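Colleague: Please take a close look at a single part of this model, and then set it beside other parts of the chain that holds it. I would like every term that you use to come with its cut-offs.

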Amino acid sequence: MSEHTTLRMEGILKEFPGVVANDHVNLSVERGEIHGLLGENGAGKSTLMKILYGLYSQDDGDIYLDGERLDLESPQDAIDAGIGMVHQHFMLIPRLTVAENVVLGEREPATAFRSDAEDSWLPAAVRNNSLVQSLAGQFSLGLDVPEQRIQDLADQYGFDIDVSAKIWELDVGQQQRVEILKALYRDVDLLILDEPTAVLTPTEAERLFDSLERLTDEGLSIIFITHKLTEVDAIVDRVTVLREGQNVGTAEVSSVTRAELAEMMVGREVLFEIDRDAVDLGEPVLRARGVEATNNRNIEALSGVDLTVRQGEIVGIAGVSGNGQKELAEVMAGIRDVTAGELLVNGEDITGAKPKTFVDSGVSFVPEDRLQYGCAEDLSVMHNATMKDFRDGRFGDRPFLDYGKLRDYAETLVDEFDVRGVSDVTETKAGDLSGGNLQKLILAREIYRDPDLLIANQPTRGVDVGAIEFIRETLLEQRKAGTGIILLSEDLDEIFDLSDRILVVYEGEFVYETTPAEADRERIGLEMTGGGDDDGGEAETSPPPSGVTQGSES
Amino acid sequence: MVSFIAGLLDATVQAATVLLLAGMGELISERAGVLNLGVEGMMLVGALGGFITTVLTGSHWLGFGVGILLGMILALVHAFLCITLKSNQVISGVMLTLLGAGLTTFFGSGWVEESIEGFPQLTLPLVGQYLVGIPVIGEAFFRSTATDYLALGLLVVVWYFLHHSNLGLEMIAVGEDPEMADTMGVSVFRLRYLAVLIGGGFAGAAGAHLSLAFSQLWVPGMTAGRGWIAVALVIFAQWRPRRMLVGAYLFGLLDALRIRSQSISLTLGPDAPLAGVINPIVEFLMNPQIMGTYPYLATIIVLAYAVIRTKSDQLAVPSALLQAYSRETD
């Protein structure tokens, strides 16, 4: 332990019924460093951090911050000690504004009662009285000053946020930024970030890294939970790896290779290269012409999109979050109405049809928000696995269902897609699975029905390396089997590794089309942010002639 | 006709106060995520407790205070069951309503004959006498009991509290997403207890107003379903205090009309065209029992309208209503 150590967690033990989530874990963080916490889903990272944030109490072990032993009963204790946390699942109330979400719990009094107010009509003696402050903090609420402060923070770190907007009006990326603002607003000394870049574009992530480095320059310490080894290389100083609740080791990032880290994490060697075989393109499975749609705020989100996807083709769609990807995916999946244009699936016009018609036409959908839209959290793995197919007659004579068959089917899916954490398909709830395993379950449900068209929106967001490898391989296998795939991802590497064609979406339109072989990353980055040159930039979305073979470009 | 309308408005104001008081309590409790179906029972306990205290001491204000206190005591049971023990809110609420009805029928049987001097009708100081002189509405709105004025004043307080204070913001947060509130250092446990207790106090006050100001006597089961109407009123108001004012007066008017329905004749003369068709319909619609369902009918219509019309943010049901919260569930 050096004199620079700020946080020490020693011998942390946490047991849940039947599981040891943290098995005598040690962690030490130095002042001003970015400390990576690496591990697969279910390795115990989140549990360890929840203990540090006062959400869970440890069964054994001690926590020291700057040499002082901490007794954390609640998050308030952690906040008081100067610990902030940005959670993996958003901790935001959609119905409230950005400012209301940020100041919640801070007891910001009405402006006149602020002790730092300059032109208050109340004399300072009254304002500074502790009883008056306590009462004003409870029974009044002033958002003007906090809003200004939040806006300043947002500007300082380059976050594009309207502080008076309601959370539900923001896209996922913006919501993530509000989460970070919540912690920054509380002047933390130690900031825990649970996969903060999962929803950011590469450019935004770069900007966040700059901000984080600025924070550490000021003496702040950061614990950075991530699955992405590239990020570990990019900004982390030291890294601690957890596997199955145990501390595998802590290392200086400069002294280990990526492969070594991956092996520490997974316990075996991990393949980074993906083999993409050539696949013959077949008939078009999707033709979309002039599709327009609005977002949840009734503002135009798609302005005339043409898209054709052929059998055996992966069309990668790149773009900064909030440029219509969510709406595009939902329109193609039939769960968002188009305001203009037409959609043909397998040559049949099903514009405006019910979602069930899309499902029956062979459209499968992996939504961006897997907890909210991808599953029924409180239902069992079996119910979730059979949700799209239980009606099709395979599972007993209508109106009765044969639960034995449903169960067998669900068990097959769980086995074949290596969904872990399922003790009994009829007992384990989907919502209790870890992110990566839930995503595998959803993918299993969507793929096992052998779809003609698969729309995958951010399929590997927030899942661990092992699961990412699996999901990507599954998508490629499905491509081989002749499914047309639309892949929406903010991870450019993923788009490059998997796609046959790349389309860049900006403000609801395709502005650029290319292939991974010809693509120029800088150009794509420019097009994503609207900076592409206009003369040659207009999208050419017509597909290559039928039967053209796309080569292997991995 | 004028005197009929003036009397109707007067009864409307009185009926509205009961609903307003009980409704505000329910609103606060539900915004914090706890449904309180025990309002009816808490009102009955408040009504009887307030009445007995007033008979014994002669002070209607003391009676009103005891009513509030008894409502809170019953609410404490609800809070303990739903928040600490995390049991089902619906079951606990219904049980408390039945418990309140049973207890007050038993303990109140000896007090039915008693009479009290309840809350007198007051006018506002200085301007009151002129305001009362306003035709039709003057008597109804400006000669009322202190509790009528109090209810209106409290509505402003509740609105301000929920939407313009830190405690109110925290309460709403606890009702929307207790886990989130917890991570922000807000005590879910304490705020939910506070909200349920305030709710019980309001219900007790509504009951005390009923026995001490509205009817000035005690009859077993005298709330006659008004507690349930208060629950409906919260839905009708879409969990917003300002809409609750409109709803309380609308429901109050329906209540006043119901009581007077026998004295209103809207049927056509026997010689009028279609009298044979219209008169039975009018009679049906004016039947006191049928009129008693109008508040529920109105709530169903508002609920349907709200669900059809609104977007995700405006659907006003607190997201975590009926959800118990405990931190360590994995």
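Modeller: Helix 7 of chain A is mostly covered, with eleven of its 14 residues buried, where buried means that 20 or more other C-beta atoms, placed from the backbone, lie within 10 Å of the residue's own (12 or fewer is exposed, and in between is partly exposed). The model is a predicted one, in which local features need pLDDT of at least 70 and side-chain atom pairs count only at pLDDT 80 or more, while totals for chains, interfaces and linings use all residues. Residues are numbered from 1 along each chain as its sequence is written, and chains are lettered from A and ligands numbered from 1 in the order in which they are written.

Helices here are DSSP runs of H or I with at least four residues, and strands are runs of E with at least two, both numbered from the N terminus. The buried residues of helix 7 of chain A include Gln174(A), Arg177(A), Glu179(A) and Lys182(A), as well as Val178(A), Ile180(A) and Leu181(A). Among the elements that cover them are strand 6 (83-86), helix 3 (98-103), helix 6 (144-156) and strand 7 (190-194) of chain A, contact being counted when C-beta atoms, placed from the backbone, lie within 7 Å. The end C-alpha atoms of helix 7 (residues 172-185) of chain A are 20 Å apart, which agrees with the 20 Å that its 14 residues should span at 1.5 Å a residue, the expected span being 1.5 Å times one less than the number of residues. Just after this helix, Asp187(A) takes a positive phi of about 45°.

Elsewhere in chain A, six strands form an open sheet with mixed pairing, in the order 17-18-19-14-20-21; strands pair if DSSP finds at least two bridges between them. Strand 17 (363-366) and strand 21 (509-514) of chain A each have a single partner strand, so one side of each is left without a neighbour in the sheet. Within the sheet, strand 14 (residues 314-318) and strand 19 (residues 484-488) of chain A run parallel and are joined by four bridges, and Ile317(A) stands opposite Leu488(A) in strand 19 of chain A. Helix 16 (residues 435-448) of chain A packs on this sheet, where it touches strand 17 and strand 18 (453-457) of chain A, and its direction makes about 170° with that of strand 17 of chain A. Such angles run from 0 to 180 degrees between N-to-C directions, with axes fitted to C-alpha atoms, for helices over the stretch in contact. Helix 17 (residues 465-480) of chain A lies across strand 14, strand 18 and strand 19 of chain A, at about 150° to strand 19 of chain A.

Notes
Two residues are in contact if their C-beta atoms, placed from the backbone, lie within 7 Å.
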